[in-house]
Amino acid sequence: MGIITSLIFCMVSTEVIKAINSVDFLSITTPILTYAGISVANKLGTLKSLSWKVAITGVFIFVGTYLGSATLAQFGLFLSNK
C-alpha cells in the first residue's frame with residue numbers, strides 16, 4: 001500500500017513521502033533482526049539436523065528475492081520514464 005501511495009500519479013504521494021522520510025528505518029530493523037537472530041539461535045540443534053537442505057533453500061530464497069526486487073525496480077523505472 002505504501003508503494004502505491006508514494007507513486008507520482010497518486011494524489012497523496014507528497015504527504016506519504018514526507019511521512020516516510022521522517023522515519024529512521026535503521027532503528028526499526030535492528031530489533032527485528034535481533035529477534036530473528038535469537039529465534040534461530042534457540043533452534044540451532046534443529047538447524048544442524050537439516051544441514052544442507054537449509055543452505056539450498058536459503059540460496060533459492062536469496063536469488064528469488066533479488067530477482068523479484070530487480071524486476072519491480074525495472075518496472076518502476078520504466079513507469080517513471082528513466
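Read from the N terminus on, the elements of the chain run α-α-α-α-α, and the full tally is 5 helices and 0 strands. The model is a predicted one, and the chain averages a pLDDT of 81, with 89% of the residues scoring at least 70. That confidence is not spread evenly along the chain: the lowest mean, 63, falls in helix α1 (residues 2–5), whereas the highest, 89, belongs to α5.

The surface deserves attention before the individual helices. Of the 82 residues in the chain, buried ones make up 4%, where buried stands for a relative accessible area under 20%. The accessible surface of the chain comes to about 7300 Å², and carbon and sulfur atoms account for 75% of that area.

Part of this surface forms a nonpolar patch of about 430 Å², made by Ile20, Val23, Phe25, Ile28 and Ile32. Helix α3, which covers residues 25–42, gives the most to the patch, with 3 residues. Another member, Val23, lies in the loop between α2 (13–21) and α3. Val23 has a relative accessible area of 36% and is therefore classed as partly exposed, since that class covers values between the 20% limit for buried and the 50% limit for exposed. The value also lets Val23 qualify for the patch, because patch residues need over 30% relative accessible area.

Further along the chain, Leu47 has its place in helix α4 (residues 44–50). With a relative accessible area of 31%, Leu47 is likewise partly exposed. Leaving aside residues up to four places away in sequence, Leu47 touches Val40 and Val54; of these contacts, Val40 falls within the range of α3, residues 25–42, and Val54 within that of α5, residues 52–79.

Helix α5 itself allows a simple check of geometry. The helix has 28 residues, and at 1.5 Å a residue it should span 40 Å, because the expected span is 1.5 Å times one less than the number of residues. The end C-alpha atoms of α5 are 41 Å apart in the model, which agrees with that expectation. Just after α5, Asn81 takes a positive phi of about 60 degrees.

Conventions: Residues are numbered from 1 along each chain as its sequence is written. This is a predicted model: local features need pLDDT of at least 70, side-chain atom pairs count only at pLDDT 80 or more; totals for chains, interfaces and linings use all residues. Side-chain values use heavy atoms; hydrogens and water are left out. Patches are made of residues with over 30% relative accessible area and no salt bridge: like charges are joined within 9 Å, nonpolar side chains (Val, Leu, Ile, Met, Phe, Trp, Tyr) within 5 Å. Accessible areas come from the Shrake-Rupley method with a 1.4 Å probe; for residues, only the protein chains shown count as cover. A salt bridge is a side-chain nitrogen of Lys or Arg within 4 Å of a carboxyl oxygen of Asp or Glu. Helices (H or I, at least four residues) and strands (E, at least two) are DSSP runs, numbered from the N terminus. Buried means under 20% relative accessible area, exposed over 50%, partly exposed in between (1.4 Å probe, protein chains only). pLDDT is the predictor's confidence in each residue, from 0 to 100. Contact means heavy atoms within 4.5 Å.
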